[in-house]
Amino acid sequence: MRYRLTFVAGLVLGYVLGTRAGRERYEQLKKSARQVAQNPAVRNTAETAAQQGREIAGKAFHAVSDKVGDHMPDSVAGRVRSLRERNANGSGADDWGTSNT
């Protein structure tokens with residue numbers, strides 16, 4: 001699915017950059033993209049994907065830290081610790097403005 005989305009995004013970008021239709025077509029595509037981005041279903045899916053990504057990143061950190069031990073850079077360990085504390089405290093938003101809904 002990710003590769004398909006990447007391909008479609010590349011196709012759209014290539015079309016926009018290569019089109020000779022001019023500014024009018026560009027504005028039309030921009031308006032369509034804005035409408036898709038503001039769609040509640042798309043927003044919910046993006047938030048769900050972000051939440052799943054955070055969960056997977058936490059599991060990966062545990063798996064790696066068990067194997068790596070004390071060789072984990074302090075900056076990475078500190079960042080993960082702060083994310084864990086924030087999620088444990090029930091804060092709903094992350095650095096990117098998404099919420100845990």
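Val-8 comes out as partly exposed in this predicted model, its relative accessible area being 41%. The residue sits in helix α1, the stretch covering residues 2-18. It doesn't face the solvent by itself, either: Phe-7, Val-8, Leu-11 and Val-12 make up a nonpolar surface patch, and together these four side chains add up to about 390 Å² of accessible area. At 41%, Val-8 clears the cut-off of over 30% relative accessible area that patch residues have to meet.

On to charge pairing. Side chains of opposite charge can pair when their charged atoms come close. Searching the whole structure for salt bridges turns up just 1. The partners are Lys-30 and Glu-27, with an N to O distance of 3.9 Å, so the pair falls inside the 4 Å limit used for a salt bridge. Both residues belong to helix α2 (residues 23-38), and because they are 3 residues apart there, about one helical turn separates Lys-30 from Glu-27. Neither partner is tucked away: Lys-30 is partly exposed at 33% relative accessible area, and Glu-27, at 31%, is partly exposed as well.

Ala-77 tells another story. This residue lies in helix α4, which spans residues 74-88, and it counts as buried because its relative accessibility of 15% is under the 20% cut-off. As for its relation to Ser-65, the two residues are 12 apart along the chain, and their C-alpha atoms are separated by 9.0 Å.

Conventions. Residues are numbered from 1 along each chain as its sequence is written. This is a predicted model: local features need pLDDT of at least 70, side-chain atom pairs count only at pLDDT 80 or more; totals for chains, interfaces and linings use all residues. Side-chain values use heavy atoms; hydrogens and water are left out. Patches are made of residues with over 30% relative accessible area and no salt bridge: like charges are joined within 9 Å, nonpolar side chains (Val, Leu, Ile, Met, Phe, Trp, Tyr) within 5 Å. Accessible areas come from the Shrake-Rupley method with a 1.4 Å probe; for residues, only the protein chains shown count as cover. Helices (H or I, at least four residues) and strands (E, at least two) are DSSP runs, numbered from the N terminus. Buried means under 20% relative accessible area, exposed over 50%, partly exposed in between (1.4 Å probe, protein chains only).
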